[in-house]
Amino acid sequence: MPAIRTTLTLEPEVAEVLRREAALGKRSLKEIVNQALERGLGIESASARKRFHIKAHSSAFLPGIDSARLNQSVDQLEAGEFVRRQRRKR
């Protein structure tokens, strides 16, 4: 959605707080007002969303091996071996 340009009439106290915040030089007046409105309206801004990061680590397992399901993998291997033994006996 494109930005909407509008004119606001602010209370003197609000305008003063905005001026002081903008004077710090870290953010523009536009950013300060938008962030304040987003917080006040309960809107989560894109900049406020916490980024999701995956931390890679080395492992002896190949991709696709779920270490939480190793027991299941062992059961499947044992079942396969049992079937092979039964076929050899015939």
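Reader: In which helix is Val14 found?

Author: The model shown here is predicted, and its chain reads, along the sequence, as the pattern α-α-α. Within that pattern, Val14 is found in helix α1.

Reader: Does Val14 count as buried, partly exposed or exposed, and what is the relative accessibility behind that label?

Author: A residue is called buried under 20% relative accessible area and exposed over 50%, with partly exposed in between. Val14 counts as partly exposed, because its relative accessibility comes to 40%.

Reader: How many helices and how many strands does the secondary structure of the chain come to?

Author: Read along the sequence, the chain follows α-α-α, a pattern written with helices. The secondary structure accordingly comes to zero strands and three helices.

Reader: What is the radius of gyration of the chain, set against the value that the globule rule gives for 90 residues?

Author: The C-alpha atoms fill a box of roughly 95 × 25 × 20 Å, taken along the principal axes. For 90 residues the globule rule gives 12 Å, and the value for this chain is well over that, so the chain is more spread out than a compact globule. The radius of gyration is 30 Å.

Reader: What separation do the C-alpha atoms of Val14 and Arg85 have?

Author: Val14 is found in helix α1, and Arg85 lies 71 residues from Val14 along the chain. Between their C-alpha atoms the separation is 82 Å.

Reader: What percentage of the residues of the chain count as buried?

Author: To count as buried, a residue needs a relative accessible area under 20%. Thr6, in the segment before α1, does not meet that cut-off, because its relative accessibility of 59% makes it exposed. Of the 90 residues of the chain, the share that counts as buried is 4%.

Reader: With the side chain of which residue does the side chain of Arg27 make a polar contact?

Author: Arg27 is found in the loop between α1 (12-23) and α2 (29-41), and with a relative accessible area of 27% it is partly exposed. Leaving aside neighbours within four places in sequence, Arg27 is in contact with several residues, among them Ala22, Ile32 and Gln35. The polar contact, at 2.9 Å, joins its side chain to that of Glu21.

Reader: How far apart do the centres of the positive and negative side chains lie?

Author: The chain has 18 positive side chains and 11 negative ones. The centres of these two sets are separated by 11 Å.

Notes. Residues numbered from 1 in each chain as written. Predicted model: local features only at pLDDT ≥ 70, side-chain atom pairs only at ≥ 80, totals over all residues. Heavy atoms only, no water. Helix = DSSP H or I, 4+ residues; strand = E, 2+ residues; numbered from the N terminus. Buried < 20%, exposed > 50% of the residue type's maximum accessible area, 1.4 Å probe, protein only. Contact = heavy atoms within 4.5 Å. Polar contact = N/O pair within 3.5 Å; in protein donor to acceptor, adjacent residues only side chain to side chain. Rg over C-alpha atoms; globule rule 2.2 N^0.38 Å. Lys, Arg positive; Asp, Glu negative; His and termini not counted. Charge placed at Lys NZ, Arg CZ, Asp CG, Glu CD.
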